[in-house]
Amino acid sequence: MATPENVIIRPEVQSDFGAVAFLHTEAFGSDEPIVDLVSALRSLKGALPTLSIVAENEGRIVGHVVLSHTWLDADGQMVDVYTLSPLGILPEHQGHGIGKALVAAGIQAARGAGAGMVFLEGNPKYYRGSGFVEAGDLGFRRPSLRIPEKAFQVYLIEDNAKYRGTVIMRDAFWQLDCVGLRK
């Protein structure tokens with residue numbers, strides 16, 4: 001996928017942390033725990049490394065995505081997979097393909113890390129264009145009933161991924177109430 005003009009997609013570095021926090025506060029609002037979630041996800045240890053990717057435009061961080069290690073409980077064995085969340089774009093940069101470029105970079109990085117699948121909770125109309133499909137239709141079970149069925153999606157990196165089961169989210173998502181619909 002082509003990268004939007006003048007936008008560089010690259011791994012996040014520590015000097016980006018403040019700009020990433022500002023970005024998520026602008027994108028999601030100060031009442032949401034997304035900044036705390038990103039911080040918690042950065043420090044996770046797991047079989048798959050946390051992938052934190054930024055979009056930079058003229059020296060300014062305008063987008064960010066995290067893919068973190070999670071598990072698929074597949075018939076008695078735990079399979080290492082990724083969860084893509086959160087994805088944030090500064091409001092004035094939304095609608096220009098930056099989010100799709102970040103998702104594509106995340107999928108590529110997940111493939112490079114050896115993951116066979118990436119799960120997410122999000123708008124099906126938005127993520128369908130990046131190759132995500134409804135996970136329930138393929139035999140996967142949501143980690144929470146608060147996640148709408150259509151919002152629970154998967155990207156199969158391996159064309160014929162052989163595992164099916166229940167996604168087990170990391171504690172950070174539960175502790176910060178970042179799974180499913182709230183309120």
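**Exercise 1.** Work out whether Phe-119 is buried or exposed, then do the same for Phe-140.

*Solution.* Start with Phe-119: its relative accessible area is 2%, so it is buried (under 20%; exposed is over 50%, partly exposed in between, with a 1.4 Å probe and protein chains only). Next, Phe-140 comes out at 3%, so buried too. Bear in mind that this is a predicted model, where local features need pLDDT of at least 70, side-chain atom pairs count only at pLDDT 80 or more, and totals for chains, interfaces and linings use all residues. Residues are numbered from 1 along each chain as its sequence is written, and side-chain values use heavy atoms, with hydrogens and water left out.

**Exercise 2.** Classify the ring pair Phe-119 and Phe-140.

*Solution.* First, the rule: Phe, Tyr and Trp rings (for Trp, the six-membered one) pair with centres within 6.5 Å; planes under 30 degrees apart are stacked, over 60 edge-to-face, the rest tilted. Here the centres sit 5.1 Å apart and the planes meet at 85°, so call it edge-to-face. The whole structure holds five aromatic pairs. Finally, one aromatic cluster takes in Tyr-126, Tyr-127, Phe-132 and Tyr-155.

**Exercise 3.** Which charged residues lie over the faces of Phe-17 and Tyr-126?

*Solution.* Look for NZ of Lys or CZ of Arg within 6 Å of the ring centre and within 35 degrees of the ring normal. Over Phe-17 you'll find Arg-42, at 3.7 Å from the ring centre. Over Tyr-126 it's Lys-100, at 4.1 Å.
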